[in-house]
Amino acid sequence: MEESYLHELLDFDLDRYINPYIPRSRVHAFPRPFRHFLGYRSKPHIEPPAVVKWPLTFISTLAGLCLVAGIFNYGPVIAVLHPPVLIASFGASAILEYNTIRSPLAQPRNIIIGHALSAVVGVGVSKLFQLNPTFFANYSWVSAAVGCACASVVMSMTNTVHPPGGATAVLASAETTVVHLGWMFVPLIILASALMTTVACLFNNILRQYPVCWWTPEDVGSKLRKEVQKDGKGDPNELERQASETDSERTLRHGRSQSDGETDTRGLHEVRISPEKMQLPSGLGITEGEMAVLHTLQYRLRMHIGGSE
């Protein structure tokens, strides 16, 4: 037992403690146009050819950076703060958000929270060094290095690693205009991150799929499912099955009608896959990755039957 606690302490993972309380994504419940541009697909997505992706990458990168720069330079509320013409770290973010969009480092959680935490850490370190103005004036580069190092550790601890966040932390000490912004740098970074992510959702989902996940590909909400089961409303097994539904388990929900001879899954002890629906034993605890495999098999079965007709 003590070895287990020691292992958890040495191999700390914040998600181990917060994921059970994070609600499952409900993107699949949105109207079709909205859920499409939020990254939801009803069948496995196939990436377009590289020559098709290149123009889309160019246009989306141009749109994202121009939107942020335009608001920073001409927004009536923001322009009076005299922010940088364009925060350099978002050039690196653009490569991730509009090019390597399937990278874990390019997902919304990493981009928005990673940048935000880096800005907070960077400004905080800069403020500490500015307590000695003479030292900061001569060694602001030390402050920038310390800020980047601290931001890297914080992003690792929170599972929000986003490499451009390191540049965000550096700018808080190394860029004069950012130093003058002080704590106002943090909301500007959050706004820019949100705008860049919005553009990524709009442009990437024209031909590609973004994001891969909004929070994490790992299972979430286990504690919430147990609380639903303890409410005692309805059949506990049915509540457990409904509450454990993931984004990828939508066919269980869509295909679960009383017509077509649908059978009760509460006593089911096998996995059944047909072209239109799936049946799983109640409370089986299928993960997102496992469900994706099942959906791939269902899609192939549907294509096989369609091709033989």
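A residue is termed partly exposed when its relative accessible area lies between the limits for buried, under 20%, and exposed, over 50%. In the predicted model examined here, Glu 47 has a relative accessible area of 27% and is therefore partly exposed.

Glu 47 takes part in two of the salt bridges described here, one with Lys 53 and one with Arg 208. The side chains of Glu 47 and Lys 53 meet with an N to O distance of 3.6 Å, whereas the corresponding distance between Arg 208 and Glu 47 is 2.9 Å. Because Arg 208 lies in the loop between helix 10 (185-207) and helix 11 (222-230), and Glu 47 in the loop between helix 3 and helix 4 (50-74), this pair ties together parts that are 161 residues apart in sequence. Arg 208 is buried, at a relative accessible area of 6%, while its partner Glu 47 is partly exposed. Glu 47, Lys 53 and Arg 208 are thus joined in a network of salt bridges.

In total, 5 salt bridges are present in the structure. Among them is the pair formed by the side chains of Glu 270 and Arg 272, with an N to O distance of 2.9 Å. Both residues fall in the partly exposed class: Glu 270 has a relative accessibility of 43%, and Arg 272 has a relative accessible area of 34%.

A further site is centred on Ser 126, a residue of helix 6 (residues 108-129). With a relative accessible area of 2%, Ser 126 is buried. The side chain of Ser 126 reaches the backbone oxygen of Ala 172 at 3.1 Å. When neighbours within four places in sequence are set aside, the residues in contact with Ser 126 are Phe 136, Ser 143, Ala 172 and Ser 173. Ala 172 therefore appears both in this contact set and as the residue whose backbone oxygen is reached by the serine side chain.

The second largest pocket encloses about 300 Å³ of space. Its lining comprises 12 residues, and those nearest the centre of the pocket are His 36, Tyr 40, Arg 41, Ser 42 and Lys 43. Helix 3 (residues 32-36) gives the most to this lining, contributing 3 residues. In terms of residue class, the lining of the second largest pocket is made up of 4 nonpolar, 4 polar and 4 charged residues.

Terms used. Residues are numbered from 1 along each chain as its sequence is written. This is a predicted model: local features need pLDDT of at least 70, side-chain atom pairs count only at pLDDT 80 or more; totals for chains, interfaces and linings use all residues. Side-chain values use heavy atoms; hydrogens and water are left out. Helices (H or I, at least four residues) and strands (E, at least two) are DSSP runs, numbered from the N terminus. Buried means under 20% relative accessible area, exposed over 50%, partly exposed in between (1.4 Å probe, protein chains only). A polar contact is a pair of N or O atoms within 3.5 Å; within protein, one must be able to donate a hydrogen and the other to accept it, and residues adjacent in sequence count only if both atoms are side-chain atoms. Contact means heavy atoms within 4.5 Å. On a 1 Å grid over the protein atoms alone, a cavity is a set of points where a 1.4 Å probe fits but cannot get out, and a pocket is an open set with protein on both sides within 12 Å along at least five of seven lines; lining residues have an atom within 4 Å of a point. Grid points are joined across faces, edges and corners, and a volume is the space filled by probe spheres set on the points. Ala, Val, Leu, Ile, Met, Phe, Trp, Tyr, Cys and Pro count as nonpolar, Asp, Glu, Lys and Arg as charged, and the others, Gly among them, as polar. A salt bridge is a side-chain nitrogen of Lys or Arg within 4 Å of a carboxyl oxygen of Asp or Glu.
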